[in-house]
Amino acid sequence: KVKNTADIQVCFFSVIFGFIAHFYRMTNWLPNWDSLVFRNDPQHMESLGRWFLPYASGISSSYELPWLNGILSILYISVAVVFICKTFDVKGRLTAALIGAVTVTFPTVISTFTYCYVTDAYSLAFLFSCIAVYLLTHKGLLATIPAVALLTLSLGIYQAYITVAIALLMCSLLIRLVSGESTCKVSLKNALKYLVCGALSLLLYYCINSAVMSLMHVEASDYQNISGTFSFKEFDLISAIISAYYAFFKFFFDFDGGFNLYSAVNIAVYAALFIGYAALAVKNKRHIAACLLRYILRHLRKIIC
């Protein structure tokens, strides 16, 4: 397993890969519409629900400084990789280094670097989510308090990074169940704990966001339906699920423009993962089936009695 003594090495390799991938962006200015407008901006985005963004981006400055924003971003992501490795109890330094390389060069990260004036703040939100996941999966009940606080701050920087925590927690539950490390009962208890912590984070975020907008006399923006986020007026679960699956396949397996190596490699990787976990599930099928059957029978007995 990756021990504490190896954490610095994992972080170091992630930093190296990050500098190789993003060095050109860190030493040049690549203008887009946002960067033309936000060359200097204190990032007061309270109307978009990003009340912690000014403080997160203020660690660097209110200016777009690619070298400074880039260095901080790579450092934040590299530390986040350490917590991802800890979350999944990764074995082997090479595997950990590859996780760091993939994370710091992921297309979403590259895209975020085009908005360099705020990329360090968004990377900090990513780090907060990863630390929160580690606390929820490896620490005791008291650790849920800082985990909820970190998730709330991540939401306050940029709401989308809550999905990082959700994805990591779901992967952790699935891997531990399929590998036989966890029983169905324990997995369900953990899932409930994660759900409660997520709900508390959203509630705390909503309260702080409402208080900030009230104190600053700001109204929620209509941008991307921010103003209707908590109303659920136009929420359609089926459409949301279909949209999520479509976005996933479009992101990883898009051949609309012809054959490309990125999508081909993704197919190979996901096929290998599917085969590997299917084999693991078959190997532990007796354990998983027994846990499920035992859990169902116990609750049926309670209902009947």
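Is Phe251 buried, exposed or partly exposed, and what is its relative accessible area? The exercises below all concern a predicted model, and this opening question is taken up in the first of them.

**Exercise 1. Classify Phe251 and Phe252 by accessibility, and then describe how their rings are placed.**

Solution. Begin with the cut-offs, by which a residue is buried under 20% relative accessible area, exposed over 50%, and partly exposed in between. Phe251 has a relative accessible area of 33%, so this residue is partly exposed. Phe252, by contrast, has a relative accessibility of 13% and therefore counts as buried.

Turn next to the rings, remembering that a pair of aromatic rings is described by the distance of the centres and the angle of the planes. The search of the whole structure finds 20 aromatic pairs. In the pair formed by Phe251 and Phe252, the ring centres are 5.0 Å apart and the planes stand at 75°, so the arrangement is edge-to-face. For Phe252 and Phe253 the centres lie 6.2 Å apart and the planes are at 45°, which means that this pair is tilted. As a last step, place these rings in their wider setting: ring pairs join Phe106, Phe248, Phe249, Phe251, Phe252, Phe253, Tyr262 and Tyr270 into a cluster.

**Exercise 2. Work out which residues belong to the salt-bridge network around Lys250, and how accessible each of them is.**

Solution. Recall that side chains of opposite charge can pair when their charged atoms come close. The count for this structure comes to four salt bridges. One of them brings together the side chains of Lys250 and Asp254, at 3.7 Å from N to O. Lys250 also forms a salt bridge with Asp256, where the closest N and O atoms are 2.1 Å apart. Since these bridges share partners, Lys250, Asp254 and Asp256 are joined into one network.

Now consider the accessibility of each member in turn. Lys250 is partly exposed, with a relative accessible area of 32%, and Asp254 is likewise partly exposed, at 27%. Asp256 has a relative accessible area of 63% and is exposed.

**Exercise 3. Describe helix α4, and follow the chain from its end to a salt bridge.**

Solution. Helix α4 covers residues 66-87, which makes 22 residues, and spans 31 Å from its first C-alpha to its last, close to the expected 32 Å. Of these 22 residues, 17 are buried, so the helix is largely enclosed by the rest of the structure.

Just after α4 comes Asp89, which takes a positive phi of about 50°. Asp89 is partly exposed, with a relative accessible area of 26%. The side chain of Asp89 meets that of Arg176 in a salt bridge of 3.5 Å, N to O. This pair links distant parts of the chain, for Arg176 lies in helix α9 and Asp89 in the loop between α4 and α5, 87 residues apart.

**Exercise 4. Build up a picture of the surroundings of Thr144.**

Solution. First locate the residue: Thr144 lies in helix α8, which comprises residues 144-157. Its relative accessibility is 12%, so Thr144 counts as buried. The side chain of Thr144 reaches the backbone oxygen of Leu141 at 2.5 Å. Finally, when neighbours within four places in sequence are left aside, Thr144 is in contact with Leu136, Lys193 and Cys197.

Conventions: Residues numbered from 1 in each chain as written. Predicted model: local features only at pLDDT ≥ 70, side-chain atom pairs only at ≥ 80, totals over all residues. Heavy atoms only, no water. Helix = DSSP H or I, 4+ residues; strand = E, 2+ residues; numbered from the N terminus. Expected span 1.5 Å × (residues − 1). Buried < 20%, exposed > 50% of the residue type's maximum accessible area, 1.4 Å probe, protein only. Polar contact = N/O pair within 3.5 Å; in protein donor to acceptor, adjacent residues only side chain to side chain. Contact = heavy atoms within 4.5 Å. Phe/Tyr/Trp six-rings, centres within 6.5 Å; stacked < 30°, edge-to-face > 60°.
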